[in-house]
Amino acid sequence: MQVTRRRRRLALTSVAVGALAATGLTFASANQALAEEGCQVDYNIVSTWGGGFQANVVISAGEAINGWEVEWDFPSGTTVSSAWNVDWNQSGSHFTGGDVGWNSSIAAGQSREVFGFIGSGSSTAPGQFSVNGDVCGEVTEPPTTDDPDDPTTDDPDDPGDPGDKVDNPYTGANVYVNPQWSANAAAEPGGDAIADQPTGVWLDRTSAIYGNDSPTTGSMGLEDHLDHAVAEGYDVIQVVIYNLPGRDCAALASNGELGADEIDAYKNDYIDPIVEIQGQSKYADLKIVNVIEIDSLPNLVTNVSPRETATDNCDEMKANGNYVDGVSYAVAELGGLSNTYNYIDAGHHGWIGWADTNAQYDNFNASAALFGSLIGENGMTADDVHGFISNTANYSALEEPYWEVDQNVGGQALNQNANLPWVDWNDFNNEKDFTEAMREELIANGFNDDIGMLIDTSRNGWGGDYRPTGTSTSSDPVTFVDESRIDQRFQKGNWCNQAGAGLGERPQADPEAWIDAYVWIKPPGESDGSSELIDNDEGKGFDEMCDPDYGGNIRNGNNPSGARDDMPISGHWSSEQFQELLENAYPPL
């Protein structure tokens with residue numbers, strides 16, 4: 001039975017629980033920027049050790065905040081040794097922390113992790129907080145009433161009721177930190193700054209469901225992760241469903257274990273066990289976000305005959321129908337559980353950002369129509385889809401702050417210039433605009449009007465020394481774009497271990513009205529594919545797009561690959577890449 005989801009404004013948001021301990025306090029403020037529905041501060045202890053601890057601070061805004069200062073008094077003897085993303089000082093036991101500009105804004109209804117710190121002394125939470133001079137009070141529950149017109153009335157369709165699916169699973173949630181990735185990150189110089197961030201748990205072959213001791217997924221199987229999430233008090237866990245027959249038909253680095261025709265094995269040996277595990281009653285209160293089959297369905301639009309970009313593998317997958325069969329089966333089976341939230345992979349603007357009346361060049365509308373065609377297959381309904389995700393494991397910029405794709409330079413719109421290879425007639429130059437438009441097109445193709453979008457921001461920050469600081473003054477369109485763009489790839493279709501990349505926006509809920517969350521589905525530091533052929537027992541091949549010396553092909557406009565050298569097979573750890581992502585992070589660490 002599918003549960004109807006609808007939006008409702010609640011008087012108070014729920015308190016997020018930290019990995020080891022947390023306290024949440026709400027207050028009603030006299031400051032109108034924080035008034036009406038109040039605000040909440042969550043003080044989350046991420047980890048502890050002898051004499052020290054790491055914590056982060058989350059502010060949830062009832063009304064929009066533009067500039068914040070948070071204060072509290074530590075237990076006697078507790079001090080901060082280092083902090084990030086905050087302008088701070090401590091006098092005695094009194095701590096004051098303010099925004100650093102780029103993190104000053106918190107949208108209405110948004111929960112944002114604003115900063116983190118390392119402390120020594122007691123990890124006991126402070127007894128009182130204030131934000132912008134207003135003291136927080138005790139957490140109180142909104143009054144209940146039997147009045148059907150009262151918005152706080154409990155009813156069967158209310159997302160606050162046990163068993164209901166909420167509109168946005170990320171709102172106010174403490175999202176699972178994969179301890180295996182966290183340990184890898186923390187072991188790197190400077191890695192402690194992000195080791196507490198939530199990342200996806202990848203089920204990239206059948207054995208990963210049970211734990212296969214591989215460098216990719218480690219010893220923890222799906223049930224181990226879910227048990228750990230429950231034991232540590234997490235609200236949401238992110239799981240990547242990634243094992244289609246004939247997987248990644250336009251690439252070779254992430255080819256999977258299942259052949260093109262092994263759809264029965266996919267359903268019976270892979271999806272069915274995942275459904276059985278996720279459906280256990282002990283996980284009823286854990287929200288499970290399933291990211292469904294990246295790099296799959298759009299290939300049936302962009303890389304099939306008669307297009308020049310066609311591959312034999314993609315032609316085969318379109319002909320046998322196993323991508324459509326597999327994805328719809330996974331969505332229908334997982335969507336039937338009361339605690340799951342399915343987000344289907346929707347590519348990114350640099351892959352399907354072209355809309356055209358000529359079917360030969362239309363990626364955008366054709367992809368949305370293909371997604372819509374899933375409805376009805378294997379019993380899948382629109383209610384089984386909570387939303388879509390873009391830029392999974394990719395590098396496309398969240399925003400391009402210094403230029404618009406349709407602005408005029410040198411007398412011609414940039415997206416109508418045949419001599420401008422970076423734009424290449426694309427309708428978009430960033431993921432924010434792309435996801436907003438794609439969401440509307442998906443709704444037009446049969447999906448519910450309350451679907452949300454996710455954007456993977458794990459590696460699309462593009463900071464560092466090469467990041468432009470303003471708009472180019474050139475009147476030459478090519479020079480103008482090259483000097484203005486923050487995405488430093490040779491071509492926006494380049495996808496493998498891109499040199500110069502940096503961490504993007506940290507995971508956060510409700511950054512825009514149509515976006516459920518920025519997420520780190522691809523764990524930073526894990527390779528996209530090997531730089532040269534490496535024998536392995538994971539079914540992963542070698543793709544020339546991962547070779548830094550490769551000059552490209554028709555699918556990337558015959559541009560250099562832009563890949564890093566000396567990289568391991570996909571999913572395996574690279575210290576060098578991790579360090580580069582830290583160094584080029586934007587916003588900076």
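The legends below describe close-up views of a predicted model. Local features are given where pLDDT is at least 70 and side-chain atom pairs where it is 80 or more, while totals for chains, interfaces and linings use all residues. Residues are numbered from 1 along each chain as its sequence is written, and side-chain values use heavy atoms, with hydrogens and water left out.

**View 1. An open sheet of five strands with antiparallel pairing.** The strand order is 7-8-5-11-12. Strands (E, at least two residues) and helices (H or I, at least four residues) are DSSP runs numbered from the N terminus. Two strands count as paired if DSSP finds at least two bridges between them. At the edges are strand 7 (87–91) and strand 12 (134–135), each paired on one side only. Strand 5 (residues 69–73) and strand 11 (residues 129–131) are joined in the antiparallel sense by three bridges. W72 faces F129 of strand 11 across this pairing.

**View 2. The disulfide between C249 and C314.** The whole structure contains two disulfides, a disulfide being a pair of cysteine sulfur atoms within 2.5 Å. The sulfur atoms of C249 and C314 are 2.0 Å apart. The bond is right-handed because its S-S torsion is about 95°. C249 lies in the loop between strand 14 (236–241) and helix 3 (263–278), and C314 in helix 5 (residues 312–320), so the pair links distant parts of the chain, 65 residues apart. Both C249 and C314 are buried, where buried means under 20% relative accessible area, exposed over 50% and partly exposed in between (1.4 Å probe, protein chains only).

**View 3. The disulfide between C496 and C546.** The S to S distance is 2.0 Å. The torsion about this S-S bond is about 100°, so the disulfide is right-handed. The pair links distant parts of the chain, 50 residues apart: C496 is in the loop between helix 10 (477–484) and strand 21 (508–512), and C546 is in the loop between strand 22 (515–519) and helix 11 (575–583). C496 counts as buried at 0% relative accessibility, and C546 is buried with a relative accessible area of 0%. With bonded cysteines counted along the chain, the disulfides follow the pattern 1-2, 3-4.

**View 4. The largest nonpolar core, of 68 residues.** A nonpolar core is a set of buried Ala, Val, Leu, Ile, Met, Phe, Trp, Tyr and Cys residues joined through side-chain atoms within 4.5 Å. I241, Y266, L297 and F388 have the most contacts inside the largest core. Helix 6 (residues 322–335) gives the most to this core, eight residues. Beyond its neighbours within four places in sequence, Y266 is in contact (heavy atoms within 4.5 Å) with residues including I241, L258, I271 and A330. A second, separate core of 22 residues includes V41, Y43, A55 and F95.

**View 5. Cis peptide bonds before P306 and P587.** Most peptide bonds are trans. The bond from S305 to P306 is cis, with omega near 15°, and P306 is in the loop between helix 4 (299–302) and helix 5. The bond from Y586 to P587 is also cis, with omega near 5°. P587 is in the segment after helix 11.

**View 6. Positive phi at D248 and N391.** Most residues other than glycine have a negative phi. Phi of D248 is near 50°; this residue is in the loop between strand 14 and helix 3 and is buried at 4% relative accessibility. Phi of N391 is near 65°. N391 is in the loop between strand 17 (387–390) and strand 18 (408–409), and counts as buried at 0% relative accessibility.
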